[in-house]
Structure formats: C-alpha cells, structure tokens
Amino acid sequence: MTTPAPVEPAATSRTAGRDVALVSVFAALIIVLALVPAVPVGAAGVPITLQSLGVLLAGLVLGPWRGVAAVAVYVALGLAGLPVFAGGVGGLAVLAGPTVGYIIGWLPATFVTGVGAALVLRRRRGRLPGLILAGAAGGVLVTYLGGWLGLQLVAGLDPLAAFLGGVLPFLPGDGLKLVVAAFVAASVHRAFPDVLARRAAGPLPAEAS
C-alpha cells in the first residue's frame, strides 16, 4: 500500500485558481454564443439560440460542479440586468417570460451532463458516443423538461402545445449542437486531460492502494 503524498498548499491554490479561470472562461463563452442573433420559432416565443451549445460544453468539459458554476455565473449576470440572454435581454423580467424554464433548467441539466461526462472519461474507449449520451441526458432532456414545464406554468400552454411549440421544433438543431459539443469536448479532453479526465479517473496507479 502506497501512501499518497500530502497535497501542498501552493498546489491547492493553483488548482483553485485554475478552476476559477475555467469557470470564468466558460461563462464568457456562453455569453458570446448568446450574442449570436437568435432565430424565433413558432408562436411559443422560444427562439433557436447558440447559448445552449455553451451550456452543453460547460458540462461536458468542466464536469458537474464547475460546469454548474459557469452556468450559474452566466444566469446570475443575466438576472442582474446585463443583456446576456438571447436577444440581448436581461433582468428579472425573464423570470416571467416563456424561456424561464429553459434558463432555470440549465443548472440541473449541466450537472447531469457533467456527471455523465465524468463517468464516461473514466473509460478509455467509447468516449465520443458516451459524451453524446451524457449531453443528451442532461443538456437536451433535462433542459427540454424545464422548458416544457415553464411553458405550461408561465405561458399557460397545455402539455401538447408546450411540446409542439417548445420542444419539437428544436430537436434537429439541438441534435446537431449535441454532436458538435461532444466532438469539441472529446478533443479538449484528449489535448488537456487535466481539465477533467484525470480527475474523473481518480488517483494515478502509483498512488492507489
């Protein structure tokens, strides 16, 4: 049995500093993607946007906790009034709009995506399809569930109308964004395994009992 070496305070500080930097970078990435002009779809008032691509990437690349932190920073900035949501809007008024379910749903969606990504990265094979499944479970299904519920509770749509107006039109585009995000995340983890892959894999063999 090999006793793991004690963690140096300086190393802990460097890791915390890197985590803060990564969270900030991904929050900024989501903002940049949200600035791409949205495409209105249907009568439900829910547009096609690229900010959901950034939310997917946050979970797939950073994992559950740092991914949620990045999305939480983005959402907090928007609710504080900065025009960082799709369409250049911000403020608490979005909580009364048709997209509130999607915005709130991004937090559990990113957590589920990140947990799935961390589990996938414990394996050496099948990472790309695994990342696609992780993103589908969290970034797509959980986000859709939040949006679908929000359209019923806030916009007053019945379940079928909420599905037809807030889920069905977005499936092709979100499927494409999911594949793109999984490819990008797989590439990032190959190039920078310290970002999440080595954390997910646990201690190195020499340090394990």
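**Exercise 1.** In this predicted model, find which backbone oxygen the side chain of lysine 177 reaches, and decide whether lysine 177 is buried or exposed.

*Solution.*
Step 1: Start at helix α7, where lysine 177 is found.
Step 2: Follow its side chain to the backbone oxygen of threonine 49, at 2.7 Å.
Step 3: Look for a side-chain partner too: the lysine 177 side chain makes a polar contact with that of serine 52, also listed at 2.7 Å.
Step 4: Add the other residues touched by lysine 177, leaving out those up to four places away in sequence; among them are Leu50, Leu53 and Leu56.
Step 5: Check the accessibility. Buried means under 20% relative accessible area, and lysine 177 has 10%, so it counts as buried.

**Exercise 2.** Work out which helix gives the most residues to the largest nonpolar core, and explore the contacts of leucine 60.

*Solution.*
Step 1: Among the 43 residues of this core, Leu60 is one of those touching the most other members, along with Phe26, Trp106 and others.
Step 2: Several helices supply at least two residues each, including α1, α4 and α7.
Step 3: The top contributor is α2, with 8 residues.
Step 4: Beyond its neighbours within four places in sequence, leucine 60 is in contact with residues including Leu131, Ala181 and Leu196.

**Exercise 3.** Locate the nonpolar surface patch that includes Leu168, and classify leucine 168 by its accessibility.

*Solution.*
Step 1: Pick out Leu160, Phe163, Leu164, Leu168 and Leu171, which make a patch of about 430 Å².
Step 2: Helix α6 brings the largest share, 3 residues.
Step 3: Leucine 168 sits in the loop between α6 and α7.
Step 4: Its relative accessibility is 39%, so leucine 168 counts as partly exposed.

Notes
Residues are numbered from 1 along each chain as its sequence is written. This is a predicted model: local features need pLDDT of at least 70, side-chain atom pairs count only at pLDDT 80 or more; totals for chains, interfaces and linings use all residues. Side-chain values use heavy atoms; hydrogens and water are left out. Patches are made of residues with over 30% relative accessible area and no salt bridge: like charges are joined within 9 Å, nonpolar side chains (Val, Leu, Ile, Met, Phe, Trp, Tyr) within 5 Å. Accessible areas come from the Shrake-Rupley method with a 1.4 Å probe; for residues, only the protein chains shown count as cover. A salt bridge is a side-chain nitrogen of Lys or Arg within 4 Å of a carboxyl oxygen of Asp or Glu. Helices (H or I, at least four residues) and strands (E, at least two) are DSSP runs, numbered from the N terminus. Buried means under 20% relative accessible area, exposed over 50%, partly exposed in between (1.4 Å probe, protein chains only). A nonpolar core is a set of buried Ala, Val, Leu, Ile, Met, Phe, Trp, Tyr and Cys residues joined through side-chain atoms within 4.5 Å. Contact means heavy atoms within 4.5 Å. A polar contact is a pair of N or O atoms within 3.5 Å; within protein, one must be able to donate a hydrogen and the other to accept it, and residues adjacent in sequence count only if both atoms are side-chain atoms.
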